[in-house]
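Student: Could you take me through one part of this model up close, strand by strand and helix by helix? I'd like one connected walk rather than a list.

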Amino acid sequence: MKLFEPADFGALPLSNRIVMAPLTRTRAGEHGIPNDLLVEHYAQRAGLGLIVTEGTWPVQEGRSYPGQPGIETDEQIAGWRRVADAVHAEGGRIVMQLMHGGRVSHTTISGTPRIVAPSAIAAPGQTHLPDGSKADMPVPHALTTDEVREAVQGFVRAARNAIAAGLDGVEVHGANGYLVHEFMSAASNTRTDEYGGSPENRARFAIEVTTAVAEAIGADRTGIRLSPEHGIQGVLESDPADVHAVYTAVAEGLAPLGLAFVDILHAEPTGDLVQHIRRTAGAPFIANSGFSALTTRDEAIALVTQGHADAVGVGRAAIANPDLAYRWEQDTELNEPRPELFYGNGAEGYTDYPTLAEVRAQVA
């Protein structure tokens with residue numbers, strides 16, 4: 001079956017078309033340095049065709065969560081090098097998701113004097129602080145035009161650091177209500193300069209970030225994640241005509257680059273909007289059907305076999321089954337995820353899910 005066949009996404013050779021989706025797990029400690037737990041966790045899942053890492057902050061100001069890793073300091077680069085080496089030793093491929101959290105943060109989390117966004121509009125709701133308490137999302141500093149351009153360079157430096165750490169490429173996080181996505185929505189972006197107003201202007205930051213990263217490390221090692229109509233963290237996209245215009249502009253801006261892939265999170269990956277973005281961007285397409293249900297083997301097989309996607313991103317099933325690609329190919333039983341342990345700081349619910357061989361050895 002095609003899902004289990006190899007593929008080349010730009011300079012990334014995939015042994016199969018099952019992709020580990022980027023998954024926040026908050027195990028990197030106070031200083032955001034990948035540790036032994038991260039090394040083991042990612043190496044365990046090297047049998048997947050491609051691993052996309054958890055969202056990793058390019059600059060301290062862009063850190064969204066306690067325990068989230070970064071790729072800014074020498075110590076973080078060295079930590080990620082250990083991860084990349086371990087994945088490669090098991091025959092896998094791994095790219096880093098570069099995630100600037102924008103207004104989804106708090107100065108107590110970032111340790112910086114401010115958090116930033118396209119406009120001085122707070123994200124809704126509260127966030128968890130390092131001491132376990134909760135606080136309202138603060139009103140962010142609205143980036144000046146010059147600061148927007150500097151933010152682009154922050155992504156570039158991070159991408160170069162990821163390659164220096166031995167990762168195979170990067171994915172620009174343009175989804176889920178974080179900084180790049182915040183620029184796309186009129187609900188979170190009320191700017192009046194060239195980065196706000198029209199759909200084309202609101203698409204500009206995503207295009208500039210991805211273009212600059214591609215120029216720095218090679219378009220064939222660069223991808224982007226999008227989540228149109230996600231409506232998350234106050235980045236609302238409720239006008240279908242506006243959504244179509246913004247994402248058409250993004251896709252048209254990306255098309256000349258020759259990206260390694262476009263990764264789209266949407267409840268209807270076979271629908272007109274997602275397939276329009278795919279065709280317009282002209283890059284290999286990773287489909288991810290979202291958070292509402294566990295991605296199943298049958299769904300993944302159908303998406304690829306029927307030509308709706310070139311690969312399928314998988315979240316919870318990849319968390320619970322380190323050998324997911326083997327289990328799906330053999331059509332065997334699966335471990336069940338334990339959502340109450342998705343976020344934490346220890347091995348439980350992270351590196352302690354057994355492989356099929358370990359399960360059967362215990363039964364025997």
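**A close look at the barrel and its helices**

Tutor: Let's begin with one residue: Thr 53 is buried, with a relative accessible area of 0%. Keep in mind that this is a predicted model. Thr 53 sits in the loop between β4 and α2. Leaving aside residues up to four places away in sequence, Thr 53 touches Pro 22, Leu 23, Tyr 42, Trp 80, Ile 94, Val 95, Met 96, Gln 97 and Leu 167. With a relative accessible area of 0%, Thr 53 counts as buried because the cut-off is under 20%. Helix α2, at residues 74-89, lies across β4 (50-52) and β5 (94-98), and runs at about 145° to β5. For a sense of distance, take Ala 302, which is 249 residues from Thr 53 along the chain: their C-alpha atoms are separated by 25 Å.

Now the barrel itself. It is closed, has 8 strands and runs β3-β4-β5-β10-β11-β12-β13-β14, with parallel pairing. On average, and ignoring direction, neighbouring strands of this sheet are turned by 25° against each other.

The stretch I'd zoom in on is β11 to β14. Strand β12 covers residues 261-265, and 5 of its 5 residues are buried. Phe 261, Asp 263 and Leu 265 point one way from β12, while Val 262 and Ile 264 point the other way. That fits the general pattern: in a regular strand the side chains alternate between the two faces of the sheet.

On one side of β12 is β11, and 4 bridges join these two parallel strands. Here Ile 224 stands opposite Val 262 in β12. To get from β11 to β12 the chain goes through α7, and this β-α-β crossover is right-handed.

β12 also pairs with β13, again in parallel and again through 4 bridges. You can follow the register residue by residue: Val 262 has Phe 285 of β13 as its bridge partner, Asp 263 stands opposite Ile 286, and Leu 265 stands opposite Asn 288. So Val 262 is a handy residue to click on, because DSSP bridges are what define strand pairing: Ile 224 stands opposite Val 262, and Phe 285 in β13 is a bridge partner of Val 262 as well.

Strand β13 (residues 285-288) is covered on both faces, with Phe 285 and Ala 287 buried on one side and Ile 286 and Asn 288 buried on the other. Moving on, 2 bridges join β13 to β14 (residues 311-314), and these strands run parallel too. Ile 286 turns up again here, with Ala 311 as its bridge partner in β14.

Between β12 and β13 comes helix α8, at residues 272-281, and the three make a right-handed β-α-β unit. This helix is mostly covered, with 7 of its 10 residues buried. Those buried residues are Leu 273, Val 274, Gln 275, His 276, Ile 277, Arg 278 and Ala 281. What covers them includes β11 (222-226), α7, β12 and β13. Just after α8, Gly 282 takes a positive phi of about 70°.

That leaves the helix-helix packing. Two packed helices are described by the angle between their axes and the distance between the axes. For α6 (residues 199-217) and α7 (residues 240-254), the axes come within 8 Å and cross at roughly 35°, and the crossing is right-handed. From α6, Pro 199, Glu 200, Arg 202, Ala 203, Ile 207 and Thr 210 take part, meeting Asp 242, Ala 245, Val 246, Ala 249, Val 250, Gly 253 and Leu 254 of α7. By class, that contact has 8 nonpolar, 2 polar and 3 charged residues.

Helix α6 has another partner in α4 (residues 145-164): their axes come within 9 Å and cross at roughly 35°. This crossing is right-handed. Val 148, Ala 151, Val 152, Phe 155, Val 156, Ala 159, Arg 160 and Ile 163 of α4 make the contact with Phe 205, Glu 208, Val 209, Ala 212, Val 213, Ala 216 and Ile 217 of α6. The residues divide into 13 nonpolar, no polar and 2 charged. As for the spacing in lists like these, an α-helix has 3.6 residues a turn, so residues three or four places apart point the same way.

Key: Residues are numbered from 1 along each chain as its sequence is written. This is a predicted model: local features need pLDDT of at least 70, side-chain atom pairs count only at pLDDT 80 or more; totals for chains, interfaces and linings use all residues. Side-chain values use heavy atoms; hydrogens and water are left out. Buried means under 20% relative accessible area, exposed over 50%, partly exposed in between (1.4 Å probe, protein chains only). A crossover is right-handed if, with the strands pointing away from the viewer, the path from the first strand over the helix to the second runs clockwise. Axes are lines fitted to C-alpha atoms, for helices over the stretch in contact, and angles run from 0 to 180 degrees between N-to-C directions. A crossing is left-handed if the near helix is turned anticlockwise from the far one by less than a right angle, and right-handed if clockwise. Contact means heavy atoms within 4.5 Å. Ala, Val, Leu, Ile, Met, Phe, Trp, Tyr, Cys and Pro count as nonpolar, Asp, Glu, Lys and Arg as charged, and the others, Gly among them, as polar.
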